[in-house]
Amino acid sequence: MAPRKIIIDTDPGQDDAVAILLALASPQEIEVLGITAVAGNVPLALTQKNARMVCELAGKPETLVFAGCDAPLRRKLTTAEHVHGKTGLDGPTLPDPTMPLQQAHAVDFIIDTLRGHDPKTVTLCPVGPLTNIATALRKAPDIADRIQEIVLMGGAYFEVGNITPTAEFNIYVDPEAAGIVFACGAPLTVMPLDVTHKALVTAKRNAAFRALNSPVGDAVALMTEFYERFDREKYGTDGAPLHDPCVAAYLIRPELFSGRFINVEIETSSDLTLGMTVADWWGVSDRAPNATFMGQVDSDGFFALLTERLGRL
Ligand code: BDR
Ligand code: CA
């Protein structure tokens, strides 16, 4: 089967970095048409730079990287240096990128790519706030019908919130954008915290990255070691969740994940629950399903896949 054509929309972030590495390591299943950076974990100037550093780490400097929106649609940017460090990629020391940033705006790249390919042949993979995707949908509503699938990391139901008591970071940062994406009508697959909190980098799993004995293995081990301190302290877990790589893993081995096709709406008006993904997991409303909301992951299978693929870089 031909590899699936994707655009990764991202705010690196250590876990974003691992998602990019996993996708770039899997050309048989995934063709990365481009990487679009958005403001999120850290400001845009850093996320676009970090995305290029990660492509160079992967040995793929030919990857197209675009800068997108530097602020949410209607709100002030909330960042997450408390999790990811000042650079967003704290942990390893990576060289500044020498590969170019593309001239075009990320939003135009998303629109042009969807219009330039046959309908339903390009998948969008957002793993940060949804500002770029929502802006593209607003600017060019015709693209909604052309999207093969949107596979995103965001939201939570059973795990509720990580940035507020009820909201997950990516959705909370730009809830209006999330509202647009969840209502756009394209097939939508969601990796919420309910899944990603089951994909924890334990000491043994981190040792397996290190045992790859390669620059990529070392960098990933150092990234996860840096950012796990936050989740260890907060949740008392043995290691940090690898949120964003769940999206890439789903494209390679969808059978690792299971969930339900349900209605998911985004809260955009309540101060208390802003950015909550109101997921009708139990089917108690009559609202029409709009998303496959994942709930389970085979975490051993996920880490086996990830480690094997990182070993190819
Ligand atoms: C999400 O927020 C970011 O901090 C991570 O990169 C991930 O995309 C998890 O809530
Ligand atoms: Ca992210």
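This is a short tour of the structure in your viewer, stop by stop.

Before you click anything, know that this is a predicted model, where local features need pLDDT of at least 70, side-chain atom pairs count only at pLDDT 80 or more, and totals for chains, interfaces and linings use all residues. Residues are numbered from 1 along each chain as its sequence is written, chains are lettered from A and ligands numbered from 1 in the order in which they are written, and side-chain values use heavy atoms, with hydrogens and water left out.

**Stop 1: the whole chain**

Select everything and show it as a cartoon. You should find 12 helices and 10 strands in the protein chain; helices (H or I, at least four residues) and strands (E, at least two) are DSSP runs, numbered from the N terminus. Turn the C-alpha trace around and you'll see spans of about 50 × 45 × 40 Å along its principal axes. The radius of gyration is 18 Å, which agrees with the value near 20 Å for a compact globule of 313 residues; here the radius is taken over C-alpha atoms, and the globule rule is 2.2 Å times the number of residues to the power 0.38.

Of the 313 residues, 59% count as buried, meaning under 20% relative accessible area (exposed is over 50%, partly exposed in between; 1.4 Å probe, protein chains only). Now for contacts, which are heavy atoms within 4.5 Å: among those between residues at least 6 apart in sequence, 82% join residues at least 24 apart.

**Stop 2: helix H2**

Select residues 44-57. Helix H2 has 14 residues and reaches 20 Å from its first C-alpha to its last, close to the 20 Å expected; that expected span is 1.5 Å times one less than the number of residues. How many of its 14 residues are buried? The count is 10, so H2 is mostly covered. Colour the buried ones, including Leu44, Met53, Val54 and Leu57. Then step on to glycine 59, which follows H2 and has a positive phi, near 75°.

**Stop 3: the largest pocket**

Select Ala23, Leu24, Pro27, Ile30, Glu31, Val32, Leu33, Lys60, Glu62, Thr63 and Leu64, which line the largest pocket. On a 1 Å grid over the protein atoms alone, a pocket is an open set with protein on both sides within 12 Å along at least five of seven lines, a cavity is a set of points where a 1.4 Å probe fits but cannot get out, and lining residues have an atom within 4 Å of a point. The pocket's volume is about 160 Å³; grid points are joined across faces, edges and corners, and a volume is the space filled by probe spheres set on the points. Strand S2 (30-37) gives the largest share of the lining, 4 residues, and helix H1 (14-24) also supplies at least two. By class, there are 7 nonpolar, 1 polar and 3 charged residues; Ala, Val, Leu, Ile, Met, Phe, Trp, Tyr, Cys and Pro count as nonpolar, Asp, Glu, Lys and Arg as charged, and the others, Gly among them, as polar.

**Stop 4: the cavities**

The structure holds 2 cavities of 30 Å³ or more. For the largest, about 250 Å³, select Val83, His84, Asn162, Phe169 and His243, which lie nearest its centre among 23 lining residues. Helix H10 (215-235) is one of the contributing elements and gives the most, 5 residues. The lining divides into 9 nonpolar, 7 polar and 7 charged.

The second largest cavity is about 50 Å³. Select its lining, including Ile6, Ala19, Cys125, Asp244 and Leu251. Helix H11 (245-252) is among the suppliers, with the largest share, 3 residues. This lining has 9 nonpolar, no polar and 1 charged residues.
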